[in-house]
Amino acid sequence: MDPLTERTPRVVSAVKLLRTADRRKTRRFLVEGENAVGEALAACIVVHELFHTADATVRYEDLLGRAEARGVRTAVVTDRAIRALSDTVTPPGLVAVCDFVDVPLESVVTADARLLAVPVAIGEPGNAGTVLRMADAMGADGVVLAGDSVDPHNGKCVRSSAGSVFHLPVARERDVDAVLGSIRAAGIQILATAADGEVDLDDADELLSAPSAWLFGNEAHGLVPEIAARADHRIRIPIHGRAESLNLATAASICLYSSARVQNRRTTER
């Protein structure tokens with residue numbers, strides 16, 4: 001059978017998922033590359049189709065076998081078709097169509113949660129993916145993308161997460177009030193990163209031992225004062241060198257690591 005082209009209806013439908021509006025309409029998204037597709041299959045995410053080039057048939061033989069064993073429909077496509085399906089400069093030759101992974105807010109914010117990452121109005125998909133990856137690495141219970149935040153199913157976000165988007169629950173909620181209210185109702189303290197915070201992160205171990213939800217502001221302006229003021233504590237990260245500030249992903253990594261370090265140590269001591 002000849003490879004599918006970029007004009008084949010199945011490929012045309014999949015290409016549309018590069019657009020946010022079409023992803024929302026179908027609640028499906030594209031997952032690209034061996035690592036991400038493999039993690040989607042391992043996480044039992046519903047994978048509807050898997051497109052691959054003839055060269056990829058050999059390179060990813062084991063992965064394609066796993067997909068077919070799961071009943072995933074696979075298809076060989078032309079190099080031109082795979083480029084149409086990809087938003088990378090050098091496509092890896094493997095693209096899957098998967099169901100959305102996001103879950104309702106109440107599935108993430110629960111009374112059992114010990115550590116949550118809550119980026120507010122995060123706009124850069126690479127940063128969002130990095131926060132997801134760090135939250136996963138630190139054993140966080142979930143991530144809530146609050147306010148007007150980037151779509152976690154964006155291709156760059158999925159790639160930057162290095163598979164972590166499939167490992168922990170991710171919720172999206174535009175209503176920041178609803179997010180904060182849900183966190184408080186679950187008995188979780190709210191911590192906000194702030195350059196002028198009243199608590200130094202180096203002195204915050206006692207605070208960090210409690211269940212915590214970290215609010216992180218967007219790349220350009222940080223947290224707006226009105227939201228930062230609603231946190232239980234505003235935490236500043238000490239900067240000992242000449243840098244004026246830290247970018248979002250770096251600040252989130254430091255804060256999540258600090259919480260995980262304290263919480264895991266307390267658990268071990270019990």
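Where in the structure is Cys44 found? Cys44 is in the loop between helix H3 (34-42) and E2. Keep that loop in mind; the tour returns to it. The model on the screen is a predicted one.

**Stop 1: the four-stranded sheet**

Select strand E1 (28-32) and strand E3 (73-76), then add strand E2 (residues 47-52) and strand E4 (residues 94-99). These four strands form an open sheet in the order E1-E4-E2-E3, with mixed pairing. E1 and E3 stand at the edges and have a single partner strand each, so one side of each is left without a neighbour in the sheet. From one strand to the next, the twist averages 20 degrees.

Now look at E2 and E4 alone. They run antiparallel and are joined by five bridges. To see one pair, select Leu50 and its bridge partner in E4, Ala96. Strands of a sheet pair through backbone hydrogen bonds, either parallel or antiparallel.

Next, add helix H5 (residues 61-69), which packs on the sheet and touches E2, E3 and E4. The direction of H5 makes about 150 degrees with that of E2.

**Stop 2: helix H3 and its neighbours**

Keep H5 displayed and select H3. The two helices pack with their axes 11 Å apart, at an angle of about 30 degrees. Angles under 35 degrees count as roughly parallel, and H3 and H5 are therefore roughly parallel to each other. Their crossing is left-handed.

Which residues of H3 meet H5? On the H3 side, select Glu34, Val37, Gly38, Leu41 and Ala42; on the H5 side, select Leu63, Arg66 and Ala67. Sorted by kind, the residues of this contact are five nonpolar, one polar and two charged.

Colour the buried residues of H3 next: Ala36, Val37, Gly38, Ala40 and Leu41. These buried residues pack against E1, E2, H5, E4 and helix H9 (155-160).

**Stop 3: two residues with positive phi**

Go past the end of H3, which is followed by Cys44. Phi of Cys44 is near 65 degrees, a positive value in a residue other than glycine. Is Cys44 buried or exposed? Residues over 50% relative accessible area count as exposed, so Cys44, at 60% relative accessibility, is exposed.

Then select Arg27, in the loop between helix H2 (20-26) and E1. Arg27 is not a glycine either, and has a positive phi of about 55 degrees. The relative accessible area of Arg27 is 40%, which makes this residue partly exposed.

**Stop 4: the seven-stranded sheet**

Clear the selection and display the other sheet. Seven strands form an open sheet here, in the order E7-E6-E5-E10-E8-E11-E9, and the pairing is parallel. At the edges stand strand E7 (170-173) and strand E9 (199-200); each has a single partner strand, so one side of each is left without a neighbour in the sheet.

Within this sheet, select strand E8 (residues 189-193) and strand E10 (residues 212-216), which pair in the parallel sense over four bridges. An example to pick out is Leu191, whose bridge partner in E10 is Trp214.

Move along to strand E5 (115-119) and strand E6 (142-146). E5 and E6 also pair in the parallel sense, over two bridges. Ala117 stands opposite Val143 in E6.

How many of the residues of E6 are buried? Five of its five residues are, so E6 is mostly covered. Rotate the view to check each face of E6: Gly142, Val144 and Ala146 are buried on one side, and Val143 and Leu145 are buried on the other.

Add helix H8 (residues 125-137), which lies across E5, E6 and E7. H8 runs at about 175 degrees to E5.

**Stop 5: an exposed loop residue**

Finish at Ala195, in the loop between E8 and E9. Ala195 is exposed, with a relative accessible area of 82%. Select Val15 as well and draw a line from C-alpha to C-alpha: Ala195 and Val15 are 42 Å apart in space. In sequence, Ala195 and Val15 are 180 residues apart.

Methods
Residues numbered from 1 in each chain as written. Predicted model: local features only at pLDDT ≥ 70, side-chain atom pairs only at ≥ 80, totals over all residues. Heavy atoms only, no water. Pairing = 2+ DSSP bridges. Contact = heavy atoms within 4.5 Å. Axes fitted to C-alpha atoms, helices over the stretch in contact; angles between N-to-C directions. Buried < 20%, exposed > 50% of the residue type's maximum accessible area, 1.4 Å probe, protein only. Parallel < 35°, antiparallel > 145°, perpendicular 65-115°, else oblique. Left-handed = near helix turned anticlockwise from the far one by under 90°. Nonpolar A, V, L, I, M, F, W, Y, C, P; charged D, E, K, R; others polar.
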